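Here are a few notes to read alongside the model. Take them one at a time, and keep the viewer open while you do.

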Amino acid sequence: MNKTSKGLTRRTVLSGAAAVGLAGVARAQTPAEIKVGLIVPLSGIYTRPGQVMKMGAEMGIEHINAQGGIKALGGAKLKLVVIDCGDTTEKAKNAAQRMVAQEPDLVAATGSYLSSFTLAVTEVTERAELPVLTLSYSDLLTDRGFKYIFQTAATASRQSELGLPTLMKLAENASGKKPKTVAMLMDNTATSVATAKALKEKLFAQEGLQLVVEEVWTPPLSDATPLIQKVRSAKPDLLLFMPNAVSDAKLGLEKISEFGLGQGKIPTVSFSITIAEPDMLQSVSPETVQGIMTIVANWGSKGHEALIAELKAKYKEPWMTQNVISTYGDMWLMKEALEKAGKADRNAVAQAFRTMDAGPSKYYPGGQLKFDEKGRRVGAGVVIVQWQSGVPVTVYPPELAQAQPFWPKKS
Amino acid sequence: MLRMRSFLPPLLFTLAYAVVSLGVTNSYYQLILTLVPVWAVFGLSWNLLSGYTGLISFGHAAFFGIGAYATALGQIYFDISPWLLIPIAAVLGGIAGLLIGFPTFRLQGHYFALAMLAYPLAILYVFEWLGFQEVTLPIKRDAPIAYMQFADPHLYTLLGLALMLSTIVLTQIIERSRFGMALLAIKQNEAAAEAAGINTLAWKLRAITLSGAIAAAIGGFYAQVLLVVTPASVFGMLVSAQALTVAMFGGVGTVWGPVIGSVILIPLAEILHAEAGARIPGIQGVIFGIAIVCVILLAPEGLFWKLRDLLRKRNAKATASDTVATVAANVTTLRPASPRPATGEVVLEVRNLSRSFGGLKAVQDVSFKLHKNEILGIIGPNGAGKTTLFNLLNGFLKPSQGEVLIGGRDMSGQRPHVICEAGIGRTFQVMRPFLRMSILDNVVVGAYVRARTDDQARQFAADAVARVGLSAVANRVAGELSTKELRLMELARAIAGQPRILLLDETLAGLGHGEADEVVAVIQQLARDGMTIAIIEHTMQAMVRLVDRFLVLDHGAVITEGLPEVVTRDSRVVEAYLGKKWAGHAAN
């Protein structure tokens, strides 16, 4: 942006200066407060994940400030600026524009749940040179050659690459034999499509799995009967069930249970956090979901016990989903970058993210606190979560596992 | 002159808007200023089809999305500049309009609206299936201007404004031309429009093609502003609804409606989102919804029409005065009937015409001849098949059997606008005037069937208005007229197309004694001027003085034909009207 705007009108330069310059002024004296942004859906159908992310961010800010703020900046406190990105791509873009125009002294931000929203938001922040951390895992996010986006989660294709072999190992250890056939039921959202692509093109063959049923639906799912009927007649060793809406997950799981395929008759695995959301228990019984596994980018795990307890006490959340723990971790990551940058300047913070090498990550599974040239976290891993007695607990990787996995046995 | 003057307000508005936008340095406000013309143009494209023809489209997102995806995918896969892709998008949108319009125009009313709803939703799934859930425009750091990626957000607004200005001007040109008149006529009464010589299907297809092209072009520009295209953001229900919302809020069927709607609603929604939404997330939707509901309740046709009506009322108080008296004077100067020379030349011949609906024989085996310059009265009791006969003559209905020869050529089964071109004009029992248009504009609609140019059409219309004696009130809107004046206006619309034969369907219905006489005088004058007329009427009284010859129908068949004195004494006629008992009396 800077390179091209020089040739343009005086007004361009002035407006550009207005956006970037204020941050420059702020760095002259040590600020008492450093603003960081949280741009998430707080209205519309994605409100719930947005709220949960806010909980994580608030807890993170509170802990950082309680422990003395940003030491390199004389103990400056972090301040959270919350922006609602709404429920459409256009609203997300507008909200991002508002964020960069109205909050010129932000040094970094995190968001925005749905990868479509993150895509739109980062189109704006990239041009405003504001670093953004994200837990969205679409590969596209970090395939655009952007310099100011940092993806903390493993990308969708990487998740399936990492997740499926692990899952196969788990099955082999627990049941003594490798699954041979697989059924795949998925919705057609961007995440599911990206995951399925990686599975079909490469991973099934690599793991010696034969795809016997493949069904795709467009949310909302109105009736799961025909899908589950096909699964029942094909009798696969493994069922990949990939919904992204709680209502779809509920319909599918109830039907699985109704057809007598639940409780591990056919081991069922998902690829998103939907199936492990607290909302699930409002509509299905713990027995229906018992044993179901899901491969996710992050989850409350071993070592997070105090945090999980605090979340429960403060926000009445029964367990810690990816949205909470990742956003909480983002706050610490921003602190790390600010300490490294030594000044409250967005470009310095972005540079700190790029050059950071802060060792093993505490709040994201696997890998380092380090980003590659695309902005992807180096060595980002996955977590396998399993429903056990009404709670989805981390069962893999072993160093994070809260409980031993059990492989549902065919009866 | 008139034309240039009408382009001045949009030009001034655009300039003022541009000046305001150049003064705004906040990039967020600038983005909102860019989105206003985007949605205004989308509203205008919707208005061009739905506002003027009255065929409500719930599916304009189909065109919008095609434009957005064409612009995005063209850049990603073929590395074409959006400067080129937006015109390409417009062409694709136009083609889509044609393809969608052709089958869908078979439907009318709610069915049309619902069918249109299906297109974007179906296309949405196609794009999801193709794997275009999320598409982002590649960032061009080395050649931003060539790829319409401006660092200065003002340029987006100016480009949006340029698109809006051209759409407004285009709409204004259309509004005033034969095109606009045809669309308005379709909106009021598609059947009457066909009867007035308008090829409704052809005009509707032109409208949807143009509308689709504009919607696709602005969709392409929108993709350029948003930089991210997802099926939901360009094909979604909310996108189609946006076009309806801005147009209906601002005013349907006027160029200013979508602009007003967009200027108010888009910033309002954003301000609510930014201000109220930050405090109570979700409240913005509630306030926005309530605001729209209130405006729709207070101004059901949109703000523009409400304001215009208020202004008109104020002006009317000042100027309303002597016009009425002059009209009456004008008409009564016509003298009563005098015998006309019947040349004997047959201009319309009907041979064994029949039409049945299931078991009901509405018209059976009717034959008659209409001679040049005569007035033929077609009478008969209710349900005798009079209007059905007219509908067969002007092509609304296809005959089951028989022929209609116009000037010796068999025209039975032709579409109404073709028959109108062949020289048959008609009026309707139920009047369908264009209430918001002036009398002259109402009449112009009927003139296009003969006129080659817009000016000629206005000339024909002015002549027609003069012939029925409405010249003095020609510029008043039809909504202010009395029943008699409306009947005369309908008559003027029918003769503006310069027909050789005029079919009048109960033109005297609903008129008082004196009023009926005035209308009769006008019809007689038309006949004196060489027009051939067939008229349907219930009331014998007025008819006896008006017509040269009677054709009497009962149960769909001709019972007799002849001079008024003879027919009114015919016992079969009396029987048909009054029953057997009275037929005996009449014979004595």
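1. Let us begin in the loop of chain B that runs between β4 and β5 (375-379), where you will find B:N373. This is a predicted model, so please read every value below as computed from it. B:N373 is not a glycine, yet its phi is positive, at about 70 degrees. Is B:N373 buried or exposed? It has 21 C-beta neighbours inside 10 Å, and a residue is called buried from 20 upwards, so B:N373 counts as buried.

2. Now step back into the strand before that loop. Strand β4 of chain B covers residues 360-371, and B:D365 lies in it. B:D365 is another non-glycine residue with a positive phi, here about 55 degrees. Its surroundings give 14 C-beta neighbours inside 10 Å, and therefore B:D365 counts as partly exposed. Why point these residues out? Most residues other than glycine have a negative phi, and most peptide bonds are trans.

3. The second half of that rule has exceptions to look at as well, and they are in chain A. The peptide bond that leads from A:G111 to A:S112 is cis, with omega near -10 degrees. You can find A:S112 in the loop between β3 (106-111) and α5 of chain A. A cis peptide bond also joins A:Y396 to A:P397, with omega about 0 degrees. A:P397 sits in the segment that comes after β12 (391-396) of chain A.

4. While you are in chain A, try a small check on a helix. How far apart should the ends of α13(A), residues 322-341, be? Counting 1.5 Å a residue, its 20 residues should span 28 Å, and the end C-alpha atoms are indeed 28 Å apart, so the two values agree. This helix is mostly covered, with 16 of its 20 residues buried. Right after α13(A) comes A:G342, which has a positive phi near 75 degrees.

5. Next, look at where the two chains meet. Here 40 residues of chain A are in contact with 31 residues of chain B. On the chain A side, the elements that contribute two or more residues are α1 (2-5), α2 (10-28), α4 (89-102), α5 (115-128) and α7 (190-206). Which of them gives the largest share? That is α4(A), with 10 residues. Sorted by class, the chain A side holds 12 nonpolar, 20 polar and 8 charged residues.

6. Let us get an overview of chain B. It has 25 helices and 12 strands, and its C-alpha atoms fill a box of roughly 100 × 55 × 45 Å along the principal axes. Of its 588 residues, 49% are buried. Take the contacts between residues at least 6 apart in sequence: 73% of them join residues at least 24 apart. For an example of positions separated along the chain, see B:L11 and B:S166, which are 155 residues apart in sequence and 9.7 Å apart in space, C-alpha to C-alpha. B:L11 lies in helix α1 of chain B, residues 2-23. With 12 C-beta neighbours inside 10 Å, B:L11 counts as exposed, because the exposed class takes in residues with 12 or fewer.

7. The domain assignment divides chain B into domain 1 (2-234), domain 2 (345-423 + 537-588) and domain 3 (439-498). The C-alpha centres of domain 2 and domain 3 of chain B are 28 Å apart.

8. Finally, here is a helix pair in chain B to look at. Helix α18(B), residues 439-447, and helix α19(B), residues 454-467, have axes that come within 8 Å and cross at roughly 115 degrees. The crossing is right-handed. From α18(B), the contact uses B:I439, B:L440, B:V443, B:V444 and B:A447. The α19(B) residues in it include B:F460 and B:V465, along with B:R458. By class, the residues of this contact are 11 nonpolar, no polar and 1 charged. How many residues of α18(B) are buried? The count is 9 of its 9 residues, with B:D441 and B:N442 among them. These buried residues pack against α7 (178-188), α19 and α20 (483-496) of chain B.

Note on methods:
Residues are numbered from 1 along each chain as its sequence is written. Chains are lettered from A and ligands numbered from 1 in the order in which they are written. This is a predicted model: local features need pLDDT of at least 70, side-chain atom pairs count only at pLDDT 80 or more; totals for chains, interfaces and linings use all residues. Two residues are in contact if their C-beta atoms, placed from the backbone, lie within 7 Å. Helices (H or I, at least four residues) and strands (E, at least two) are DSSP runs, numbered from the N terminus. Ala, Val, Leu, Ile, Met, Phe, Trp, Tyr, Cys and Pro count as nonpolar, Asp, Glu, Lys and Arg as charged, and the others, Gly among them, as polar. The expected span of a helix is 1.5 Å times one less than its number of residues. Axes are lines fitted to C-alpha atoms, for helices over the stretch in contact, and angles run from 0 to 180 degrees between N-to-C directions. A crossing is left-handed if the near helix is turned anticlockwise from the far one by less than a right angle, and right-handed if clockwise. Domain bounds come from an automatic or database domain assignment.
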